[in-house]
Amino acid sequence: MAIVSEPSSTDRPADDQRRRKMMDAALTVFLRFGFRKASMDEVARAANVSRQGLYLHFATKEELFRASVAYFFDATLADAEAALADAERSLEERLVAAFDTWVGRFVGALGSDAADLAAATRELVGPEVAECEGQFLEAVEEALGASGLAAAYAPAGVTGRQLAETLYASARGLKYGATTREAFVEGMSVAVRVMCLPQREAREKPTKPSLRPEGDRPRKPRRAT
């Protein structure tokens with residue numbers, strides 16, 4: 001379910017190009033400065049609109065933040081789900097692409113006040129973001145189940161949801177440990193490759209050729225005389 005902010009009487013439809021431009025600019029400003037240091041004036045300049053024009057759409061900085069986060073997570077979730085559903089790619093490629101879309105894009109994008117931004121997110125839209133994260137994990141779980149990989153771990157008592165959460169934990173660790181987005185993708189590729197090993201081994205396991213002609217039956221041994 002999308003994150004929805006309370007609309008003001010002057011709000012335009014969500015697909016309004018001008019409004020989206022403002023939210024794009026706001027995301028850039030919030031990521032760079034954090035929530036407290038970001039100003040409506042800075043967002044207006046980044047969006048190339050007047051301060052009054054920005055306030056016609058968003059009455060407060062809190063409202064702008066909520067709308068921008070909603071806009072970001074809706075778009076990101078759609079992109080991640082599309083990556084997971086791409087039938088032209090292998091499961092490993094789809095998983096890496098989905099986690100890069102959901103987490104990797106933050107690597108190198110956060111400014112010096114990332115802690116302030118995280119705190120504002122928890123305070124203003126925490127439950128809604130948690131709901132979106134749950135939807136993302138559900139999409140990953142479904143992809144793991146549809147591929148048959150989750151079934152390979154069932155004998156060990158590991159569920160598809162636990163596999164999805166393990167990959168998410170790896171992605172969050174790489175988010176702070178990787179210095180570049182390329183490094184994130186490389187590290188995530190390793191984590192996904194390890195998890196998909198049972199499927200890879202089953203696919204690459206050679207089959208022993210039969211030495212007997214097809215349809216030939218083994219002969220019974222002769223009795224000793």
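The structure, a predicted model, holds zero disulfides. Two of its cysteines can be placed with respect to the surface: Cys132 is buried at a relative accessible area of 1%, and Cys196 likewise counts as buried, at 1% relative accessibility.

**Overall architecture**

The chain comprises ten helices and zero strands. Read from the N terminus, its elements therefore follow the order α-α-α-α-α-α-α-α-α-α, helices being numbered from that end. Of the 225 residues in the chain, 38% are buried. Among contacts with a separation of 6 or more, 72% join residues that lie 24 or more positions apart. The accessible surface of the chain amounts to about 13,800 Å², and carbon and sulfur atoms contribute 52% of that area.

**Two bent helices**

Helices α1 and α6 both fall short of the span that a straight helix would reach, as set out below.

| Helix | Residues | Span between end C-alpha atoms | Straight-helix span | Bend |
|---|---|---|---|---|
| α1 | 17-37 (21 residues) | 26 Å | 30 Å | about 80° at Leu31 |
| α6 | 114-147 (34 residues) | 37 Å | 50 Å | about 95° at Val125 |

In α6, a proline, Pro127, follows the bend at Val125 within four residues. Just after α6, Gly148 adopts a positive phi of about 90°.

**The buried residues of α1**

Which residues of α1 are buried? They are Arg19, Met22, Met23, Ala25, Ala26, Leu27, Val29, Phe30, Gly34 and Phe35. An α-helix has 3.6 residues a turn, so residues three or four places apart point the same way. The cover over the buried residues of α1 includes α2 (40-47), α3 (51-57), α4 and α6.

**Ser68 in helix α4**

Ser68 belongs to helix α4, which runs over residues 61-84. Is Ser68 buried or exposed? Its relative accessible area is 0%, and because buried means under 20%, Ser68 is buried. Leaving aside residues up to four places away in sequence, Ser68 touches Met23, Ala26 and Leu27. These three residues are listed among the buried residues of α1. The C-alpha atom of Ser68 is separated by 9.1 Å from that of Ala25, a residue 43 residues apart from Ser68 along the chain. Within this setting, the side chain of Ser68 reaches the backbone oxygen of Leu64 at 2.8 Å.

**Asn48 between α2 and α3**

Asn48 is located in the loop between α2 and α3. Most residues other than glycine have a negative phi, and most peptide bonds are trans. Asn48, although not a glycine, has a positive phi of about 60°. Where Ser68 is buried at 0%, Asn48 is exposed, with a relative accessible area of 64%.

**Summary**

The predicted model is a chain of ten helices that holds zero disulfides. Helix α1 bends at Leu31, and helix α6 bends at Val125. Helix α4 is part of the cover over the buried residues of α1, and Ser68 of α4 contacts Met23, Ala26 and Leu27.

Key:
Residues numbered from 1 in each chain as written. Predicted model: local features only at pLDDT ≥ 70, side-chain atom pairs only at ≥ 80, totals over all residues. Heavy atoms only, no water. Disulfide = S-S within 2.5 Å. Buried < 20%, exposed > 50% of the residue type's maximum accessible area, 1.4 Å probe, protein only. Helix = DSSP H or I, 4+ residues; strand = E, 2+ residues; numbered from the N terminus. Contact = heavy atoms within 4.5 Å. Polar contact = N/O pair within 3.5 Å; in protein donor to acceptor, adjacent residues only side chain to side chain. Expected span 1.5 Å × (residues − 1). Bend = angle between axes of the 7 residues up to and from the residue. Areas by Shrake-Rupley, 256 points an atom, 1.4 Å probe, with all protein chains shown as cover.
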